[in-house]
Amino acid sequence: MLPVASLPSKYGIGCFSKEAYQFIDWLKKAGQSYWQILPLSPTGYGDSPYQSFSSFAGNPYFIDLEALIEEGVLTGEECGICDFGDKLEEVDYEKLYRNRFSLLRLAYERSDISKNPDFIQYVQENAFWLEDYALFMAVKQRFDGVAWTEWAEDIRKRWGFALDYYRRECYFDIEFYKYIQFQFYLQWQKLKIYANKNGIQIIGDIPIYVAFDSADAWAKPEMFQFNEENLPIAVAGCPPDAFSATGQLWGNPLYKWDYHKKMDYGWWCQRMDYCFHMYDVVRIDHFRGFDEYYSIPYKDTTAENGHWEKGPGLDLFLTLKKYLGEKEIIAEDLGLQTPSVAQLLKDTGYPGMKVLEFAFDPEEDTGYLPHCYDKNCVVYTGTHDNETLVQWYQKLDEKSRAFAEAYMANERTPEKEKYWDFIRMAMMSTANTCIIPLQDYLGLDKEARINKPSTLGGNWVWRVKETVFPAGITQKIYQLTKISGRLSKNN
């Protein structure tokens with residue numbers, strides 16, 4: 001598991017550059033079959049890919065500038081003089097925002113893209129989301145980037161004459177946003193094809209919710225629990241628990257599920273169909289929300305006063321199966337497990353997730369220890385929301401550490417290499433699929449954590465130094481993959 005943003009590259013953030021291809025080459029050498037990424041969506045509030053301006057659009061930061069230089073629409077000098085930050089192992093989103101878009105705009109202005117037949121075809125085939133997204137971003141730019149709820153009433157409520165006016169006035173801005181989506185798509189498809197040819201499948205990630213400040217919410221308010229002013233009645237989050245005394249207030253608009261059912265879940269079928277065009281396997285985030293979702297009054301500042309409401313349940317997934325056929329889906333079923341969530345998972349047949357960092361509680365049966373697994377699950381040492389293995393193990397209390405060591409019964413492993421015992425345990429489990437974050441393979445500490453939930457700042461910024469790793473690590477991963485029976489036929 002490695003987010004695209006965490007790849008090394010020349011211009012401030014991981015992207016679809018030569019380093020991405022080198023990483024795929026390394027995955028093949030290490031005997032791996034899957035590359036799990038985070039959402040490819042444009043990042044929004046808090047630089048999070050789970051708070052995106054669109055559930056369909058791709059992140060423009062991932063466009064490889066080197067490819068645009070080769071195309072002749074940018075020069076190396078123009079890219080080289082831009083300041084993308086001076087820390088090779090961190091993403092500086094503010095500097096990216098200030099400098100990346102100006103380069104992409106320059107590339108667009110030199111592209112003569114309106115005469116490109118491939119671009120014209122792309123726009124036609126993706127009109128169902130691209131037209132609203134490009135207009136949304138262009139109008140957002142006209143209003144200095146403020147949320148759509150602060151726009152003038154006529155365009156905020158999408159009155160017909162206002163839509164016509166802004167489509168005329170923002171014509172070139174709209175075409176620019178279509179252009180960068182076209183470039184994103186071309187580059188991503190080329191990379192995915194390369195991965196597939198080398199025996200690597202891509203596991204994508206779909207957030208259950210869309211961001212409030214998004215083209216989805218603006219263009220289709222009827223899909224959400226909004227009032228007559230198109231403001232939320234309630235928003236999403238999680239209740240208070242051991243990790244957060246006041247719960248998690250995500251702020252995403254909640255779906256109006258009776259409307260979606262009435263429309264035969266058309267938007268969901270469209271969204272999932274698009275995901276399977278982009279990825280080979282899709283991980284659905286916050287699977288519990290389809291069984292029951294936590295509803296928090298819109299004006300509340302914490303999640304303490306929320307309550308649970310029933311979601312669409314199995315009906316949605318039967319409809320998806322009817323329209324899309326059998327697809328490979330991973331259900332993110334972490335957190336409090338209720339009998340109804342467990343039943344929904346069983347009824348769908350999707351594999352759930354097991355995380356080793358949740359397993360070693362000497363006082364409680366967590367259900368995450370390997371001897372508890374059935375085969376239909378995906379085991380992780382940790383996810384993007386967890387500490388790295390090294391960081392987690394160092395912070396374990398004495399009883400939990402003793403329990404973990406007794407469970408593994410491997411006293412010969414040096415203290416500094418204990419993380420390999422957990423990786424080996426995951427590999428040797430009966431779970432059909434095993435996903436290890438790259439940080440854990442490399443034995444990295446707290447500096448390599450991706451995200452700390454319920455916090456702002458310092459998240460989603462970590463980048464790996466390089467994609468060419470020591471031969472010893474590569475061979476160790478390969479051998480562990482082989483002896484655990486997980487080696488792909490392509491290796």
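Trainee: Is Asn451 buried or exposed?

Mentor: The model is predicted, so that local features need pLDDT of at least 70 and side-chain atom pairs count only at pLDDT 80 or more, while totals for chains, interfaces and linings use all residues. Residues are numbered from 1 along each chain as its sequence is written, and side-chain values use heavy atoms, without hydrogens and water. Buried means under 20% relative accessible area, exposed over 50%, and partly exposed in between, with a 1.4 Å probe and protein chains only. Because its relative accessible area is 8%, Asn451 is buried.

Trainee: Which side chain forms a polar contact of 3.3 Å with that of Asn451?

Mentor: Asn451 lies in the loop between α19 (438–441) and α20 (471–483); helices (H or I, at least four residues) are DSSP runs, numbered from the N terminus. Beyond its neighbours within four places in sequence, Asn451 is in contact (heavy atoms within 4.5 Å) with His384, Asp385, Asn386, Asn459 and Trp460. A polar contact is a pair of N or O atoms within 3.5 Å, where within protein one must be able to donate a hydrogen and the other to accept it, and residues adjacent in sequence count only if both atoms are side-chain atoms. The partner at 3.3 Å is the side chain of Asn459.

Trainee: Why are Ser400, Ala404 and Met408 placed on the same side of α17?

Mentor: These three residues are buried in helix α17 (residues 398–408), whereas Glu398, Lys399 and Ala406 are exposed on the other side. The arc is that of the directions from the helix axis to the C-beta atoms. The buried residues lie on the same side of α17 because they cover an arc of only 65°.

Trainee: Against which helix do the buried residues of α17 pack?

Mentor: At the start of α17, a side-chain oxygen of Asp397 comes to within 3.1 Å of the backbone nitrogen of Lys399. Just after α17, Ala409 has a positive phi of about 50°. The buried residues of α17 pack against α18 (419–428).

Trainee: Which helix gives the most to the largest nonpolar core?

Mentor: A nonpolar core is a set of buried Ala, Val, Leu, Ile, Met, Phe, Trp, Tyr and Cys residues joined through side-chain atoms within 4.5 Å. The largest has 151 residues, of which Trp35, Trp188, Trp268, Phe290 and Phe422 touch the most other members. With eleven residues, the helix that gives the most to this core is α9 (residues 171–197).

Methods: Helix = DSSP H or I, 4+ residues; strand = E, 2+ residues; numbered from the N terminus.
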